[in-house]
Amino acid sequence: MDAPLIEFQNVTKRFGDKTVLDRVNLQIYEGQVTTIIGLSGAGKSVILKHIIGLIQPDEGVILFRGRPISGTKKSVLDASLARISYMFQQNALFDSQTVYDNIALPLRETTNLKKTEIHRRVMARVKQTELTEAVDKYPSELSGGMQKRAALARALITDPQIVLFDEPTTGQDPVRKNAILSMIAQYQRKFNFTAILVSHEIPDVYFISNRILALYNKQIVFQGTPEELESFDHPFMDEVIGSLEALQKELTGLYSQRQFKILNHVQMKRRSQKDPYCLVVFGLQELHAIMSRVGYDTAQEVLSTMGLYIDKHFSAIGGFSTRRSTNEILTMVPYSTLAETEGIVSDFVRDFNAHMIPLIGEKACPSASGGSVDLVILAGIAEGQSQGDIDSVILLARSQQKEIGRLSCAAGE
Amino acid sequence: MALEITIRNNYNNNGTREGWPWLDPFTMIGRAVIGWVNNLGAATIFLGQALWQTFRRKQFSKTIQQIYFIGARSITIIMLVSLFTGMVLGLQAYHALTQFGAEGAVGSLVALSLIMELGPVLTAIMITARAGSAIAAEIGIQRISEQIDALQTMHINPIRYIVSPKITAAIISFPLLTAIADLVGIFGGYLSAVMLLGLNAGVYWHSTQVYVVLADVTNGFIKSIVFAVLVATVCCYQGYFAHMRRDSHGAQAVGLATTSAVVISCVLILVSDYVVTSLLM
């Protein structure tokens, strides 16, 4: 592996009597997405603030491209720091300036670009972050999600080489969370900057991260790939990852993907090579429309109720489910052929339409006014073999999806 | 260093004093003085940095905006206060001087009082109340909401971007507002002494013209510039370091920083008024 871009050597930081970081050692490599995970208040943001120079360590050394920051000439250090952008947890937007002015600020104050060029660059970022309608508004007039995107646009406006994201998805709805993480991953690939994230979004951040750093009890206890973290045997896994996964189960009523993998692994060990299994992929179309109609909390409640219903139905026959994305639920039906699973699913569809659709309708339809919305529930089944690749079975099941239910909310109800 | 060792030796490992409790008041006074000197030094460096940044690029439009906020938007309140101050001065002076048959000196008394003392002092106090408190609160909120940290991460010097235009604008605005206050105050004296009490208008203006010399006006402006530097520095400094207050945090710290800014500014205006007056005399 190349020499690290940023390295902490025995960094200790205290605030008064409280030690936040205790002899922290870590390495961050160029061109990668590195995510720091840990419980709230563990000191993750403090690590980021050390990197950008907002906080100095009490003990230890921070190396930038192998050179200690503390001994570097100010001009050289300034040049290095100028290539770093920081996106604050609370956004830190200037509340007396419009979104446009906030995004344009770094270009206006640190470059000699002409007004027209600044306008072109700002509008490009505004478009990319879907802020076109909010461009003349003040931060206080925006939703939390839009403020976050404005902060993201400001952080990326100078095309930085290193971007530090302090909990970029905090306060976002599930749709936006995925959108922001996708955007970070997309920009990281496009501009090849080094991204350092602080996040709680497990497992979502695993999909975009090359490396994970685990902060636990004031120290970095793990550095490695998301796959390596899965097999990391440490109290951190139970206390931190477990609690975050428990939160996800509470939100969706379903297992996390890690738990799903573990359950599948256990089942696989029990199964003989010839034992079949089936995967059912449930999909929800127009969930976004329902979210904007009834609000994210109610939409989340609808999703959770549905997840619990699916889990209850299939767990009775040994099945287990996980949520793969905002609008997709995956259910494993072990020891069942395709024909058997189709029978199970058709029973499920009958029950679902008889009991669940009216229940969802009560929650999603009468509480709000608006245009007519149809929430379409899809299901697709595919059979797999024990030693086969599960991802190809999921793809096959997804391609087989058919409508199994529809909830129609009339306009203005 | 020797002093530090001596003081530390009086404490045990738990941080409690082992002996000489009669020294406690002196320790407290000593700490307060050290804290005060530290703050004074920090504020002086803060002012120096802000003044240095004044001459950097891209400062002009920000300074003009601040002149509008500190100066132009304070005109109404300054005119109102100075008008009534002038009227009261005219009234009091007329009744006092009539007893000695010297009512002809009302104009000069009103003008000199305003130009040398009341104009600069009242203007500074009114700007402190109106703009100084707003400056401290604005910067304090920018500090606790991490906007100042954000500037640093964007490699924008926060002192250049936030503080310097305010101090420059105050230095430009204070003398101009003082001049307006002087003129309106003299007119207020004219209203009460001439229009209400019947003093001859020619006598009032003649007395004003004869006894007020350019040095009086210059001294008044010197005072107003001194007040501008003090008020702007104190208000910006209190807001900028609101997060480092030991007595409070967050929004409460901003509130207390604003209060401190106004109180310290007013005290400094009066203390420095005496010092500058004695130096100019």
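Tutor: Helices and strands are DSSP runs, numbered from the N terminus. With that in hand, Ile329(A) lies in strand E13 of chain A, which covers residues 328-334. The model is predicted.

Student: What does the secondary structure of chain A come to?

Tutor: Chain A has 14 helices and 15 strands.

Student: Is Ile329(A) buried or exposed?

Tutor: Buried means under 20% relative accessible area. Ile329(A) has a relative accessible area of 3%, so this residue is buried. Across chain A, buried residues make up 53% of the 413 residues.

Student: How far apart are the C-alpha atoms of Ile329(A) and Leu303(A)?

Tutor: They are separated by 9.8 Å, while the two residues stand 26 residues apart along the chain. For chain A as a whole, take the contacts with a separation of 6 or more: 73% of them join residues 24 or more positions apart.

Student: What is the accessible surface of chain A?

Tutor: The figure is about 18700 Å², and carbon and sulfur atoms account for 49% of that surface.

Student: Now the interface. How many residues does each chain bring to the contact?

Tutor: Chain A brings 24 residues and chain B brings 17 residues. Between the two chains an area of about 1600 Å² is buried, 55% of which carbon and sulfur atoms give. Of the area that chain A buries against chain B, 34% is supplied by Phe88(A), Phe94(A) and Glu109(A), more than any other three residues supply.

Student: Which polar features should I look for between chain A and chain B?

Tutor: There are 3 salt bridges between chain A and chain B. In one formed by Glu109(A) and Arg160(B), the closest N and O atoms are 2.9 Å apart. The two chains also have 10 residue pairs in polar contact, both residues being at pLDDT 80 or more.

Student: Which elements of chain A give two or more residues to the side that touches chain B?

Tutor: They are helix H1 (44-52), strand E6 (84-87) and helix H3 (99-110). H3(A) gives the most, with 6 residues.

Student: And on chain B, which residues make a nonpolar surface patch?

Tutor: Val263(B), Val267(B), Val271(B), Tyr274(B), Val275(B) and Leu279(B) make a patch of about 620 Å². One of them, Val275(B), sits in helix H10 of chain B, residues 250-280.

Student: Why is Val275(B) called partly exposed?

Tutor: Partly exposed is the class between buried, under 20%, and exposed, over 50%. Val275(B) is placed there because its relative accessible area is 40%.

How values were computed:
Residues numbered from 1 in each chain as written. Chains lettered and ligands numbered in written order. Predicted model: local features only at pLDDT ≥ 70, side-chain atom pairs only at ≥ 80, totals over all residues. Heavy atoms only, no water. Patch = residues over 30% accessible without salt bridge, like charges linked within 9 Å, V, L, I, M, F, W, Y side chains within 5 Å. Areas by Shrake-Rupley, 256 points an atom, 1.4 Å probe, with all protein chains shown as cover. Salt bridge = Lys/Arg side-chain N within 4 Å of Asp/Glu carboxyl O. Helix = DSSP H or I, 4+ residues; strand = E, 2+ residues; numbered from the N terminus. Buried < 20%, exposed > 50% of the residue type's maximum accessible area, 1.4 Å probe, protein only. Contact = heavy atoms within 4.5 Å. Buried area = accessible area lost by both parts, 1.4 Å probe. Polar contact = N/O pair within 3.5 Å; in protein donor to acceptor, adjacent residues only side chain to side chain.
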